[in-house]
Amino acid sequence: MIAIVDYGLGNIANLSNALHFLGYEVRVTNKVSELEAADQIILPGVGHFKDAMNRLNDLNLVPELIKLKESKPFIGICLGMQLLFEHSEEGDVDGLNFLPGQVKKMTCQLPVPHLGWNKLNASLPSLEEDVYFIHSYKVHTDENVVAKANYEEDVVAIVQKDNIIGIQFHPEKSGDKGLQILNQALKGGFNQ
Amino acid sequence: MIKKRIIPCLDVKDGVVVKGIQFKGLREIGDPVDLAKRYNLLGADELVFLDISATQTGNALMLDVIRQTARELFIPMTIGGGLKSIEDISAVLNAGADKVSLNSAALKNPDLINETSEKFGTQCICIAIDAKWEESEQDWFCYTHGGKERTDIRTLDWIKEVEERGAGELLVTSMDYDGMQNGFDHTLLSKIQKEVSIPVIASGGAGSAEDFVSLFLETDVSAGLAASIFHDEDVTIQEVKDLCDTKGVPMRHV
């Protein structure tokens, strides 16, 4: 069973739809017992970084998430990926600090949010697909990067460090190719 | 490189897709979920549903359409039409919409843009604008209620205000060009995209695949939206994308 962490932010319905479509059993929950019973954890999220951290803190979920990432596959998607890092400019707050890196506002001349279908650049050929992005902040890190996209500047699109995976775009909204990438993340990820 | 998006728009009334010619004389087209599936297979980059039902029963049918579509299709979906409150917006987002488009309600109560973008994130707030040129004023004005009521708000002022208030995207329909199938309103769209840094979806006037090529070569907008030409199969999304590619406008292919 896959647990999607429910902290009141983000379009959990669509992520849940995609996982059902792929044949997984899914539970949307913030109960510690259910999170601990899950085989894998997905941290979703859409919205404001500070708001997200506040909600996780209000639900007392941060210590629990720290424990879970020690023992289970842990996937952060969109804002959920950004939360895995040290700190964000959005609200000037610290994140979960599972991975080294900073989240900063995008400053390119092209329209922001970075919105639409953009191609992934990766050493893994199965990742070289157009996927759907929608975000205004991006992760700055040199470590654990699996795939990037180009939007006037490099955008970190997938990171993986052992059992921890971050996906900046929306695999659940990236058509069939997106579902394949989501499935690959759930089957151990991208580090061959 | 980011791809220009091709977006079919489905106007839904009481659970059935319809499309007007210059906002008048509606005719029935078909089942929204079936159409959505067909467009997905043909390469639609996104779907826009505009609910033009005037009744609560119609709105409830729309929520069913969203739920059913979201279970089967995994591309972005924007819902507009008659959304007035945080509760309305919550309902369609919970049903599976990714973005909402606000028009009349935002013009009437601009604070709604701030409130909703703070609550749901700027990325899911798309402001829809129906703009019409006024010769005597030499300017564009915003219209509400599906183009029926003129406001005193100038379009070029409004776009800057909505961006400041937290809109994540604009969906701009030229009422002068809508339904004419003579191409998009490049003058209006270029002016708008120069004034804002958020993405703009162009709407109104698509009559051929060439119209999309010209739109993307002559303006900086991010996406082109159309209804009639896709519904009537005058041209398919696939044909539009193939032509764009050969003319140097990169597209996503399924």
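Me: How many helices and strands are there in chain B?
Reply: Happy to start there, with a predicted model in which local features need pLDDT of at least 70, side-chain atom pairs count only at pLDDT 80 or more, and totals for chains, interfaces and linings use all residues. Residues are numbered from 1 along each chain as its sequence is written, with chains lettered from A and ligands numbered from 1 in the order in which they are written. Helices (H or I, at least four residues) and strands (E, at least two) are DSSP runs, numbered from the N terminus. Chain B has 10 helices and 12 strands.

Me: What radius of gyration does chain B have?
Reply: The radius is taken over C-alpha atoms, and the globule rule is 2.2 Å times the number of residues to the power 0.38. The C-alpha atoms of chain B fill a box of roughly 45 × 45 × 40 Å along the principal axes. For 254 residues a compact globule would come near 18 Å, and chain B agrees with 17 Å.

Me: Is B:Phe230 buried or exposed?
Reply: A residue is buried if 20 or more other C-beta atoms, placed from the backbone, lie within 10 Å of its own, exposed if 12 or fewer, and partly exposed in between. B:Phe230 lies in helix H9 (residues 228-231) of chain B. Because B:Phe230 has 25 other C-beta atoms within 10 Å, it is buried.

Me: Which residues does B:Phe230 touch, not counting residues up to four places away in sequence?
Reply: Contact asks for C-beta atoms, placed from the backbone, within 7 Å. By C-alpha atoms, B:Phe230 and B:Cys9 are separated by 8.8 Å, although 221 residues apart along the chain. The residues that B:Phe230 touches are B:Pro8, B:Tyr39 and B:Ile237.

Me: Which strand gives the largest share of the largest nonpolar core?
Reply: Such a core is a set of buried Ala, Val, Leu, Ile, Met, Phe, Trp, Tyr and Cys residues joined through C-beta atoms within 7 Å. The largest has 146 residues, and B:Leu170 and B:Ile127 are among those with the most contacts inside it. Its largest share, 6 residues, comes from strand E7 (residues 125-134) of chain B.

Me: Which strands of the open sheet of 4 strands in chain A stand at the edges?
Reply: Strands pair if DSSP finds at least two bridges between them. The order is E6-E5-E7-E10, with mixed pairing. Two strands have a single partner strand each, so one side of each is left without a neighbour in the sheet: E6 (93-94) and E10 (137-140) of chain A.

Note on methods: Contact = placed C-beta atoms within 7 Å.
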